[in-house]
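Let's take a friendly walk through this model, starting with its aromatic rings and moving on to a pair of helices. Have the sequence and the 3D view ready.

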Amino acid sequence: MRIQNLLIVSMLALLSCRPETKPSPASYSVPASVESYIQSFRSAAQQRNRAVSTDRLIVEFGDPQGEDVCGRCLLEAGQPPHIVLSTNVYCWEQASDNEREGLVFHELGHCLLGRLHRNDHFANRAYVSLMNPDNMGVYATCRYPIGDDDCDKRPRRTYYLDELFDPATPKPSWAD
């Protein structure tokens, strides 16, 4: 009996000394105000025959740690893609629906499509890609029309989404 008790105590001691294991990262966590943009991204990918999984995705509002940055994609080995969207009022609260979509799609482009920034412009000075580092409103309406500014850029959305999923998308007719 004594040996059995010693054996049980030894087993309990060994089990209690196991190293702590990190909890597995959350599989999917997206704020309700962002969810429709994630669903729209999945739909846009499917329409363009791109397999994109958002099953392991973390999106949160916070400080993306950058000057004048409205969002940031954080990729860490073994962790789900993590997007931090700025709490700056101009980045989300006062942004139009198309600007919000552009921001979320841009960050998903980094996190899920492996896209980098593109700084190039068309002849008309419009950015070639939604993956530009400066303007998430490339297919939005402008807030303050001045002079001959073409303010309603919503018809450009199809081109920018095509290019997001396929960088070899041909130049659109409005680019000249």
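Two rings of Phe, Tyr or Trp (for Trp, its six-membered ring) count as a pair if their centres lie within 6.5 Å. This is a predicted model, and by that rule the count comes to nine aromatic pairs.

A good one to look up is the pair formed by Tyr 37 and Trp 92. A pair of aromatic rings is described by the distance of the centres and the angle of the planes. For Tyr 37 and Trp 92, the centres are 5.8 Å apart and the planes stand at 85 degrees. Planes over 60 degrees apart count as edge-to-face, so this pair is edge-to-face. Where do the two residues sit in the chain? Tyr 37 belongs to helix H2 (residues 32-47), while Trp 92 is in the loop between strand S4 (82-86) and H3, so the pair ties together parts that are 55 residues apart in sequence. Both Tyr 37 and Trp 92 are buried.

Aromatic residues also gather elsewhere: Phe 122, Tyr 159, Tyr 160 and Trp 174 make up one aromatic cluster.

Now turn to the helices. The axes of H3 (residues 97-113) and H4 (residues 157-165) come within 11 Å and cross at roughly 15 degrees. Angles under 35 degrees count as roughly parallel, and H3 and H4 are therefore roughly parallel to each other. Their crossing is right-handed.

Which residues meet there? From H3 come Glu 101, Phe 105, Gly 109 and Leu 113, and from H4 come Arg 157, Leu 161, Leu 164 and Phe 165. The residues of this contact divide into five nonpolar, one polar and two charged.

Conventions. Residues are numbered from 1 along each chain as its sequence is written. This is a predicted model: local features need pLDDT of at least 70, side-chain atom pairs count only at pLDDT 80 or more; totals for chains, interfaces and linings use all residues. Side-chain values use heavy atoms; hydrogens and water are left out. Axes are lines fitted to C-alpha atoms, for helices over the stretch in contact, and angles run from 0 to 180 degrees between N-to-C directions. Helices (H or I, at least four residues) and strands (E, at least two) are DSSP runs, numbered from the N terminus. Angles under 35 degrees count as roughly parallel, over 145 as roughly antiparallel, 65 to 115 as roughly perpendicular and the rest as oblique. A crossing is left-handed if the near helix is turned anticlockwise from the far one by less than a right angle, and right-handed if clockwise. Contact means heavy atoms within 4.5 Å. Ala, Val, Leu, Ile, Met, Phe, Trp, Tyr, Cys and Pro count as nonpolar, Asp, Glu, Lys and Arg as charged, and the others, Gly among them, as polar. Rings of Phe, Tyr and Trp (its six-membered ring) pair if their centres lie within 6.5 Å; planes under 30 degrees apart count as stacked, over 60 as edge-to-face and the rest as tilted. Buried means under 20% relative accessible area, exposed over 50%, partly exposed in between (1.4 Å probe, protein chains only).
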